[in-house]
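I sat down with this one to look up how its side chains meet. My notes follow, in the order I took them.

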Amino acid sequence: VESYHRVIDEDPKNAGAISLAQRRDLVHSYVQNDMLNGALGWWAIVLRSSNCFIGRCGVDPYVADFVRIAEPSLQGPHNRVEVELAYHIDAGLRRRGFAYEACSSLVAYSFEQTKLPRLVSVTSRTNTASQALMMKLGFRMYENSHPEYQGDAVGVLENDRLR
């Protein structure tokens with residue numbers, strides 16, 4: 001929990017959002033939920049050489065009420081239940097391929113083992129590194145046309161193995 005708190009909660013973009021004591025309770029509930037869920041959830045990213053926690057990667061289902069894609073085949077009149085691929089790497093270890101290694105493994109698992117039809121990934125329009133990772137993973141990129149999140153980048157990766 002201490003490593004998680006340092007990497008995730010003390011990252012400058014998240015700083016002060018949650019205390020270590022609050023994180024302890026949340027991590028316990030996350031682990032319990034992920035163990036019950038099985039196929040979906042979050043995984044730790046750990047360096048093999050030191051067994052040190054350096055981030056997390058996961059697939060998380062939810063009603064994507066904040067995503068609007070202008071392409072008709074991807075957007076209907078109702079909010080969709082999406083499964084989002086997301087990750088977070090220790091700020092000092094970014095741009096070294098750890099996110100790609102974790103995310104590519106999770107994409108393969110999500111498509112081959114759980115047979116998910118597609119994944120989405122969302123990031124800010126200024127996060128060019130995350131957009132580049134999405135494209136490297138094969139995501140097609142769209143601009144979010146939701147009025148409150150206009151311009152954010154939405155990546156969509158279809159599971160071609162199901163066609």
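**Charges over rings**

I began with Lys 136, whose charged end sits over the ring of Tyr 100, 4.3 Å from the ring's centre. I kept in mind throughout that this is a predicted model. Next I looked up Arg 56 and found it over the face of Trp 42, at 4.0 Å from the ring centre.

**Rings with rings**

How many aromatic pairs does the count come to? I got one aromatic pair. Trp 43 and Tyr 109 have ring centres 6.0 Å apart and planes at 70°, so I wrote the pair down as edge-to-face. The cut-off behind that call is over 60 degrees between the planes. I then checked where the two partners sit: Trp 43 is in strand S1 (residues 41–46) and Tyr 109 is in helix H3 (residues 98–112). They are 66 residues apart, and the pair links distant parts of the chain.

I also looked up how much of each partner is accessible. Trp 43 has a relative accessible area of 35%, so I noted it as partly exposed. Tyr 109 comes out at 31% and counts as partly exposed too.

**Salt bridges**

As a reminder to myself, side chains of opposite charge can pair when their charged atoms come close. How many salt bridges does the structure hold? The structure holds four, and I followed up some of them here.

One of them joins Glu 101 and Arg 48, with the closest N and O atoms 3.5 Å apart. Glu 101 lies in helix H3 and Arg 48 in the loop between S1 and strand S2 (53–63), so this pair ties together parts that are 53 residues apart in sequence. Is Arg 48 buried or exposed? Arg 48 is exposed, at 78% relative accessible area, while Glu 101 is partly exposed at 41%.

**Around Arg 118**

I spent the next page on Arg 118, which has its place in strand S4 (residues 118–123). Its relative accessible area is 6%, so I marked Arg 118 as buried; the cut-off for that word is under 20%.

Which residue forms a salt bridge with Arg 118 at 2.3 Å between the closest N and O atoms? That is Glu 82. The pair links distant parts of the chain, with Glu 82 in strand S3 (residues 81–89), Arg 118 in strand S4, and their positions 36 residues apart. Both Glu 82 and Arg 118 are buried. I also found the side chains of these two listed as a polar contact of 2.3 Å.

Then I turned to Glu 158, whose side chain meets that of Arg 118 in a salt bridge of 3.7 Å, N to O. Glu 158 is in strand S6 (residues 153–158), 40 residues apart from Arg 118 in strand S4, so to speak another link between distant parts of the chain. Glu 158 is buried, as is Arg 118. Because the salt bridges share partners, I could draw Glu 82, Arg 118 and Glu 158 as one network.

**A nonpolar patch**

Last, I went to the surface. Leu 26, Tyr 30, Val 31 and Met 35 form a nonpolar patch there, and together they have about 360 Å² of accessible area. I picked out Met 35 for a closer look and placed it in helix H2 (residues 20–37). With a relative accessible area of 61%, Met 35 is exposed.

Key
Residues are numbered from 1 along each chain as its sequence is written. This is a predicted model: local features need pLDDT of at least 70, side-chain atom pairs count only at pLDDT 80 or more; totals for chains, interfaces and linings use all residues. Side-chain values use heavy atoms; hydrogens and water are left out. Rings of Phe, Tyr and Trp (its six-membered ring) pair if their centres lie within 6.5 Å; planes under 30 degrees apart count as stacked, over 60 as edge-to-face and the rest as tilted. Helices (H or I, at least four residues) and strands (E, at least two) are DSSP runs, numbered from the N terminus. Buried means under 20% relative accessible area, exposed over 50%, partly exposed in between (1.4 Å probe, protein chains only). A charge sits over a ring if NZ of Lys or CZ of Arg is within 6 Å of the ring centre and within 35 degrees of the ring normal. A polar contact is a pair of N or O atoms within 3.5 Å; within protein, one must be able to donate a hydrogen and the other to accept it, and residues adjacent in sequence count only if both atoms are side-chain atoms. Patches are made of residues with over 30% relative accessible area and no salt bridge: like charges are joined within 9 Å, nonpolar side chains (Val, Leu, Ile, Met, Phe, Trp, Tyr) within 5 Å. Accessible areas come from the Shrake-Rupley method with a 1.4 Å probe; for residues, only the protein chains shown count as cover.
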